[in-house]
Structures are given as C-alpha cells and as structure tokens.
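Here are a few short exercises to help you find your way around a new structure. Have a look at the sequence and the model, then work through the steps.

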Amino acid sequence: MNILLDAGSGGRASMRLIHDLFFKYFENDILVKMDDAAYLEMKSPIAMSTDSYTVSPLFFKGGNIGTLAIHGTVNDVSMLGARPKYLSCGFIIEEGFSLEDLERIVQSMAEATKEAGVKIVTGDTKVVTKGACDKIFINTTGIGEIIPPTSKFGSPSGANAKVGDVVLLSGSMGDHGLTVMAERENLSFVSDIQSDCASLNHMIERLMLEVGEIHVLRDPTRGGVATTLNEIAEQSKIRCVLYEEMLPIHENVRSGASILGIDPLYLANEGKLLCILPKDKAEQALQIMREDKNGKEAVKIGEIAELPAGKNGQVVLQTKMGGMRLLNMLEGAPLPRIC
Ligand code: MG
C-alpha cells in the first residue's frame, strides 16, 4: 500500500491515517484529545528546540529517519540541562511513499519516545505530489523543564567554558556519519559499523543532579567534534586543546575514514555529548557516563586554555608526534543530508 495525496487532506483519509497509525503507536492522554493544541502543565523555566530530518537513506544500520528525529530533538533539549518531556512531530510525505515503510518509521519512533520517557503530544501530516519532496521529511520540536542547577554557573551553555576546564567526550567519534555515507554510496570496504543514534537525556539528568557544576554540554552532530568545539571556543573566547592519543575512534571508522580521506573529528555523531567542566569534577562525570549504556567509552579528550591575543576562539590538536595542528571550522557541510 502506498500513501495517496488524500491522506494529508484533513478529510476522512487523513483521519484513517491518524487513527490507524499515529494514535496506534504514539497513543497518550494528551495526544488523543485531538484539540487544536496540546494542553501542557510544566514547571518553568523551559528549554525548547526544533529540527527537521531529511536523512538519506531513510533506513541505516542502527536507526532510521524516525529514531533520529526523536533522539536528535531529545538530545538538543537535554543539552541545556533540561529534562525533555513533550515533542511535536510533523511529517511531510511524498505521494506514493510506502505505507509499510511509514509504519516501520512510526513504530521505531514510538519505541524511542518510550525509552527516552517523552510524549508526542501534537502532530501534523502533509502529503505532497511526487517530486515535491524526497520520500519523507520529519520535523520534531521538543520542550523540557530545566533541571534546577546546583551551581552558581546556572544551566550549561556554549559560552561558559573556563580556562582550566577539561573536555570529556561520551564515546567514539564518527560512527553515524560514516554509517550513513557508507550505506548511501554502497561502500563495501566499510563494514561492521552502525550509527550511534541514541537519546542521552537519562545520562544528562544524572550529570546535572549529581555533578551539578557543568559548564558546557553539546552534542557533536553535523560537522563533528571539531566543528562543535570551534563553536564553543568562539562563544566562550577560549582555546581548546585536544590530545590526539586520547581521541576515541573505533578501528573500522578510523580505517574507513582514512580510505575516504575524511577526518573522524569532522564526522557527525548522533548519540554522543561533549561535556566541559572543572577538572576536579571530571572523574565523577566520567564514572556517571560510563555507567550509562550510551557512555561506556567516555574519556577525557582535552583541556580549555587561554586564548592567544587577537583570536576569536581556537581549537588545536596536539598530535601523537608532539606537534600542534589547528582544527578549523569547515566552510560547508562535508556530507549533506546526514540527519
Ligand atoms: Mg545540538
């Protein structure tokens, strides 16, 4: 069965799709009320984030466009030190798209929301004529309650990195980026690799409640660890020093990326976080990360240092040979439609 234009019309065909598919999997007390908007009770302040997902291919090892749409938005809301609670979900579907594939996507989204403990409380479906979009695009918006900060620094922010802080990474780099690239281009030399796509909100909740003083939390998605740290370096006006020998990279990612001439530091991750915090809190934070199934390979990868005069923010890599290499932000996306 394929999706017809009528399914996004707002009429009976739309209703059938909503009841037979979206309510069946996403069912919760707020969604099923079917009012024009969701009635939410929240304790303020609130964190909010939105993202549109256009990944190609739609299905890849370790996830699909639907799981990405849940994990990605859950993670962005969490990075402010928030507890994500509610999501909206908009589907733009190309006429003729397989109903079976849509059901697979929706089913895995429902599983991802259960795992993260969030609810989809409002949504929208549009069906567009053939060629007006590529198969299916999904937008999710999430809101969450800020977990009361236990330190005078308040909620984590990219502008809060301080000289003397350490940089932690919750696991290996580049798995998502290389997986999507390998499946899109049929690269047979990249094997045994899968996306790291996962929600990190439970890990972050523990970090906020138990460690408290966390200066920066950010997920190194598009552009990878190097790009994300450049953003933070500019926001905080600091120099970030990474140690090449400490960088966690799975061997198959390292070899696959090296054949393609790509640096894993610039490959996207979808289930990792960077955490910048005072040195004396690092061991406690690492232990919490390693106790979480998504943080087993958490390590320290660098430190925050004084910014050289005249610079706007800088990321450098101390190589295994002892040299220093500047890690610039890339001009454009190395790989489009990665998420
Ligand atoms: Mg992010």
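**Exercise 1: the largest pocket**

Work out what kinds of residues line the largest pocket.

Step 1. By class, that lining holds 16 nonpolar, seven polar and five charged residues (Ala, Val, Leu, Ile, Met, Phe, Trp, Tyr, Cys and Pro count as nonpolar, Asp, Glu, Lys and Arg as charged, the others, Gly among them, as polar).

Step 2. A bit of background: this is a predicted model, where local features need pLDDT of at least 70 and side-chain atom pairs pLDDT 80 or more, while totals for chains, interfaces and linings use all residues. Residues are numbered from 1 along each chain as its sequence is written, and side-chain values use heavy atoms, with hydrogens and water left out.

Step 3. Nearest the centre of the largest pocket you'll find Ile18, Met34, Thr122, Gly123 and Asp124, out of 28 lining residues (on a 1 Å grid over the protein atoms alone, a pocket is an open set of points where a 1.4 Å probe fits, with protein on both sides within 12 Å along at least five of seven lines; lining residues have an atom within 4 Å of a point).

**Exercise 2: the magnesium ion**

Find which protein donors hold the magnesium ion.

Step 1. They are Asp76 (OD) and Asp219 (OD), 2.1 Å from the ion (donors are N, O and S atoms within 2.8 Å of the metal, or 3.2 Å for Na, K and Ca; water is not among the atoms, so sites may look incomplete).

Step 2. Now check exposure: Asp76 is partly exposed at 26% relative accessible area, whereas Asp219 is buried at 8% (buried means under 20%, exposed over 50%, partly exposed in between, with a 1.4 Å probe and protein chains only).
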